[in-house]
Amino acid sequence: MVPPELPPTSLWVAPVQTMEIILRKTALGLAGLLGVMLATLPAMATGSLTLRDRLTVAGTFSTEGVGRMLAQRFAEGTQGAHPPQLEVMRGSEAFERFCAGIGPDTPDFALVSRRMPRGVMEHCRANGVTEVVELRLGYSAVVLAARRGDIAPALTSRQIYEALAAERTSGEGFEPNRTRLWSEIDPSLPPREIRMLVPEAGTGMRALMEDLMLEAGCREVRAIRLLFEASYRRSKCVTLREDQRAVPVAHGEIMGALLAAPPGTIAVLSYDQLLRAGGNLLPLRLDGVLPDAAGIATLDYNQAQVVFLYAKRQHLPTREGVGVVQGLRALLTEATSERAAGPGGYLGLAGLVPLPPAERHAQRRVAERLSLRSR
Amino acid sequence: MPHRQTRAIAALALLGAVAFSMPAATQPSTVVTVPLQDLPPSPSLGERAGQLWSGLLDQLGITPGANGMMRSATDTARRHARARDDFAWLMDVAGYKLKEIESSVSLIPSLSLTFGQARELTEADRDHVERQLERHARRNPGTFEAMQRAIVRAVLEASEIGGFSVEKVEIDLFPWPKVKLQLVPTDAPVGVEAARILRAIDRLNRQLEERRAQAPEQPFPPAVLTPFLQPATLPGTRS
């Protein structure tokens, strides 16, 4: 049975004996939690029964947009809630932080674009994180689009990389990328100037573009494959040229910028933005697949990925409101709600593509029941 | 199936005869070692393994097609080779290249493959591997293929949790399937050669700084002045 999450009472009322019984049920972190709680009893007596006043989320670069939007709307829509704290890091680090243990110093959630591997799950268990709730929030997808009436060539991620990268390969070395026309990359492409609008650096959409387009495009380049070090190889793949052929544009301005751009300009945007363009923009076939809901849902469209949200059920407060943090269940409910993750939901603004209806329903049930991950 | 039993007995007898008639070659272990990343795109792993076996059989005076048993063995070897090619491709996606094929012919023949880490994986690479494994599972639902995927996943997971990377993967296919992962700390001390190169780079950079400080009015050719030599690590980049 999962203890229901109730709002904290105005004063510290739970007797120490009750608290001990509750703590006895906790698998690991029992001693630590007790120690920390006893140490913080005076603070709790002033009104708070939890060890932390806000939720913490370990997010990744590619899920940052979704995380920030969710945190903002959750804080706005939940009375008395502090905005959840989102820390952005690499996926492996997010898993590691999440699995580091139970208690106020460890994140309540991990928001990642990859399912937690079994080995990491075992690592979690070894550290006492035995009750993990796994939710699929939706898909994030990055698409190419041109203005209606413009030429919309079918492209590959390799061609996008060759068009946008700061350097191109020359033998097994690198030289500055001075490619001007698409036809210089592939004679079958139109002899048009390369002009692309790309998401601003540091945004979730930019991270998606880097992960799913640029890295995918350079993965099979021999000179790149020969580089052992991951960070160096990635820098060769995702560093963009700075000669105005790849123009960074803010997320909300990309549609307007494309409509005002010279003919032949191609924009990189989220699938949700494409839908909201209402037919003014045409999606381009990428790696042979046209981005649509079906292709994204089956992940046949390579530039799409599933967004997972993991939560620690052990951080949930007890009936008496004693625990690590308040609001865990409320955030899960919010994240799976139709207003957030449904069609037209606000997470679409961060590029999230909704799951199919049945799957969304299933995820809402998981959030309501706080069902544990089975595998 | 008495006919099959006869074939099996004949095969054992043949191998036994080969083993006992060549005392020096009781364990004619053959090791093919190639540097990582320098493997040509073809022949494939299976072809290479096949060539190795053919060469060994030729040396022993046994020619494929000599009888039905050998033809059947060749077909089986070809099927296995295809599966091994698939596995080599999966390992390649996961950042590991075939480094060594070790094969020995005796009463109990053995075949083992050694993969070395050819490149570290970025987060996007890991996502890519996961996706390729899922697609592989959809296309190849068999038990043998599932075992191959399990090995690749094990390698990935072993390198997922802090501080270690899987440097080498040794896989014995015959006689008994076995996988051995060699984990090394990610911040292990550099080897003698690497340390020597790093010291040389540092020394050269110091010399260039000193020359620039001594003669600021005499500019060096741009190619010498900038950029300084540096190891292949860009600070501030993420993987």
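# Exercises on a two-chain model

Among contacts in chain B between residues at least 6 apart in sequence, those joining residues at least 24 apart make up 61%. Keep in mind that this is a predicted model. Let's work through it together.

## Exercise 1: Chain B in outline

Describe the make-up of chain B: how many helices and strands are there, and in what order do the elements run?

*Solution.* Start with the count: chain B holds seven helices and five strands. Next, read from the N terminus, where the order is α-β-α-α-β-β-α-α-β-β-α-α. Finally, turn to burial: of the 239 residues in chain B, 18% are buried.

## Exercise 2: A helix checked by its length

Take α4(B) and compare its expected span with the distance between its end C-alpha atoms. Then list which of its residues are buried.

*Solution.* Step one uses the rise of 1.5 Å a residue: the 17 residues of α4(B) should span 24 Å. Step two is the check, and the end C-alpha atoms lie 25 Å apart, which agrees. Step three is burial, for which a residue needs 20 or more other C-beta atoms within 10 Å of its own. In α4(B), B:Glu123, B:Ala124, B:Asp125, B:Arg126, B:Asp127, B:His128, B:Val129 and B:His136 are buried.

## Exercise 3: Where the chains meet

Work out which elements of chain B supply residues to the side that touches chain A.

*Solution.* Begin with the totals: 23 residues of chain B contact 27 residues of chain A. On the chain B side, α4 (123-139) and α5 (143-158) each supply at least two residues. The largest share of that side, six residues, comes from α4(B). Sorted by class, the chain B side has ten charged, seven nonpolar and six polar residues.

## Exercise 4: A tryptophan in a loop

Locate B:Trp176 and decide: is B:Trp176 buried or exposed?

*Solution.* First, the place: B:Trp176 sits in the loop between β4 (164-174) and β5 (178-185) of chain B. Second, the neighbour count: 8 other C-beta atoms lie within 10 Å of B:Trp176. A residue with 12 or fewer counts as exposed, so B:Trp176 is exposed. Third, a distance across the sequence: B:Trp176 and B:Ser112 are 64 residues apart along the chain, and their C-alpha atoms are separated by 9.9 Å.

## Exercise 5: Two packings of one helix

Classify how α9(A) is oriented against α4(A) and against α11(A).

*Solution.* Take α4 (residues 64-77) and α9 (residues 204-218) of chain A: their axes come within 7 Å and cross at roughly 155°. Angles over 145 degrees count as roughly antiparallel, so α4(A) and α9(A) are roughly antiparallel to each other. Here A:Glu64, A:Gly65 and A:Val66 in α4(A) meet A:Gly204, A:Met205 and A:Ala207 in α9(A). This contact has three nonpolar, two polar and one charged residues.

Now take α11 (residues 230-238) of chain A: its axis is 9 Å from that of α9(A), at an angle of about 100°. This makes α9(A) and α11(A) roughly perpendicular to each other. From α9(A), A:Glu210, A:Leu214, A:Glu215 and A:Cys218 meet A:Arg234, A:Lys236, A:Cys237 and A:Val238 in α11(A). The class split is four nonpolar, no polar and four charged.

## Exercise 6: A hairpin in chain A

Describe how β6(A) and β7(A) pair.

*Solution.* The strands β6 (residues 167-170) and β7 (residues 173-176) of chain A pair in the antiparallel sense over four bridges. A:Arg168 stands opposite A:Glu175 in β7(A). Two residues lie between the strands of this hairpin, and A:Gly171 takes a positive phi near 65°.

How values were computed:
Residues numbered from 1 in each chain as written. Chains lettered and ligands numbered in written order. Predicted model: local features only at pLDDT ≥ 70, side-chain atom pairs only at ≥ 80, totals over all residues. Contact = placed C-beta atoms within 7 Å. Nonpolar A, V, L, I, M, F, W, Y, C, P; charged D, E, K, R; others polar. Axes fitted to C-alpha atoms, helices over the stretch in contact; angles between N-to-C directions. Parallel < 35°, antiparallel > 145°, perpendicular 65-115°, else oblique. Expected span 1.5 Å × (residues − 1). Pairing = 2+ DSSP bridges.
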